[in-house]
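These are my notes from a session with one model. I went through it entry by entry and wrote down what I looked up.

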Amino acid sequence: MAKVYTGRDGRLLIDGTEQIKVTNWSMTGNLETLETTSLGDSQRTYVPGVQEFNGSATLLYYNDGAGRNDAATALKKVLRISGVSESDTVTLRLRLTDGNTDQDIALTAYVTSVSFGASVGEVSSAQISFQGTGALTAVTI
């Protein structure tokens with residue numbers, strides 16, 4: 001049977017913990033190409049260069065009553081008194097699920113920016129951006 005994935009099928013896991021209140025996520029993968037065209041060639045030629053992966057997500061800012069706040073956990077990767085170090089990466093798993101079948105993209109990343117606030121008549125949310133470091137660690141799409 002055909003399956004069309006929707007936002008209901010989306011999940012975001014940070015360091016193995018499924019984030020409860022996520023409204024969206026997106027990821028972009030890029031490949032730089034290096035030109036190898038020589039004098040006398042009639043067409044340009046290229047070879048693969050460096051890959052890059054980055055993206056963003058929006059998490060609702062809330063407290064589940066047991067002290068869990070997924071947005072605050074992500075925000076603290078950037079909003080801190082001390083500086084950020086090389087060990088401050090997160091493992092991200094961007095998932096589309098269909099029953100018991102998961103379609104995943106996993107990567108190690110730095111949370112590079114955060115934005116959050118409050119507005120009258122709106123639910124408070126936190127937007128995070130991330131930059132992958134190294135190769136993807138899993139691709140099952």
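**Entry 1: the loop between β3 and β4**

I began with L39, which counts as exposed at 89% relative accessibility. I placed L39 in the loop between β3 and β4. The model is predicted, and I read the entries below with that in mind.

I then took the separation of L39 from R95. The two residues are 56 positions apart along the chain, and their C-alpha atoms are separated by 46 Å.

D41 belongs to the loop between β3 (22–35) and β4 (46–60). I looked up its accessibility and found 40% relative accessible area, so D41 is partly exposed. A polar atom of the D41 side chain lies 2.8 Å from the backbone nitrogen of S38.

I also checked E35 and R44. Their side chains meet in a salt bridge, with 2.5 Å from N to O. I noted E35 as partly exposed, its relative accessible area being 43%. R44 has 58% relative accessibility and therefore counts as exposed; the cut-off for that class is over 50%.

**Entry 2: salt bridges**

How many salt bridges does a search of the whole structure find? I got six.

I looked at the network next. R93, R95, D102 and D104 are linked by salt bridges. Within it, R95 and D104 form a salt bridge whose closest N and O atoms are 2.7 Å apart. Are R95 and D104 buried or exposed? Both are buried.

I followed D104 further. D104 is located in strand β6. Its relative accessible area is 5%, so I entered D104 as buried, the limit for that class being under 20%. The side chain of D104 also has a polar contact of 2.9 Å with the side chain of R93.

Another of the salt bridges joins the side chains of E18 and R11, at 3.4 Å from N to O. I checked the accessibility of each partner. E18 has 37% relative accessibility and counts as partly exposed. R11 has 26% and also falls in the partly exposed class.

**Entry 3: aromatic rings**

I counted aromatic pairs and found one. The pair consists of Y61 and F116, and it is stacked, with 5.7 Å from centre to centre and 15° between the planes. Why does this pair tie together parts that are 55 residues apart in sequence? Because Y61 lies in the loop between β4 and α1 (70–75), whereas F116 lies in strand β6.

I looked up how far the two residues are covered. Y61 is partly exposed at 36% relative accessibility. F116 is partly exposed too, with a value of 45%.

Y61 and F116 came up again when I listed surface patches. Together with L79 they form a nonpolar patch on the surface, and the accessible area of the three is about 300 Å². A residue needs over 30% relative accessible area to be part of a patch. I had 36% for Y61 and 45% for F116.

I also recorded a charge over a ring. The charged end of K3 sits over the ring of Y5, at 5.4 Å from the ring centre.

**Entry 4: the end of β6**

Strand β6 covers residues 101–117, and F116 is found in it. I then turned to G117, which lies in β6 as well. G117 has a relative accessible area of 44%, so I put it down as partly exposed.

How far apart in space are G117 and Q127, which are ten residues apart in sequence? I found 9.5 Å from C-alpha to C-alpha.

**Entry 5: a backbone angle**

I looked at phi of D15. The angle is near 50°, a positive value in a residue other than glycine. Where is D15 found? I placed D15 in the loop between β1 (10–14) and β2 (17–18). With 44% relative accessible area, D15 is partly exposed.

**Entry 6: recap**

I end with two items to keep together. R95 and D104 are buried and belong to the salt-bridge network with R93 and D102. Y61 and F116 are stacked and share a nonpolar surface patch with L79.

Methods:
Residues are numbered from 1 along each chain as its sequence is written. This is a predicted model: local features need pLDDT of at least 70, side-chain atom pairs count only at pLDDT 80 or more; totals for chains, interfaces and linings use all residues. Side-chain values use heavy atoms; hydrogens and water are left out. Patches are made of residues with over 30% relative accessible area and no salt bridge: like charges are joined within 9 Å, nonpolar side chains (Val, Leu, Ile, Met, Phe, Trp, Tyr) within 5 Å. Accessible areas come from the Shrake-Rupley method with a 1.4 Å probe; for residues, only the protein chains shown count as cover. A salt bridge is a side-chain nitrogen of Lys or Arg within 4 Å of a carboxyl oxygen of Asp or Glu. Helices (H or I, at least four residues) and strands (E, at least two) are DSSP runs, numbered from the N terminus. Buried means under 20% relative accessible area, exposed over 50%, partly exposed in between (1.4 Å probe, protein chains only). A polar contact is a pair of N or O atoms within 3.5 Å; within protein, one must be able to donate a hydrogen and the other to accept it, and residues adjacent in sequence count only if both atoms are side-chain atoms. Rings of Phe, Tyr and Trp (its six-membered ring) pair if their centres lie within 6.5 Å; planes under 30 degrees apart count as stacked, over 60 as edge-to-face and the rest as tilted. A charge sits over a ring if NZ of Lys or CZ of Arg is within 6 Å of the ring centre and within 35 degrees of the ring normal.
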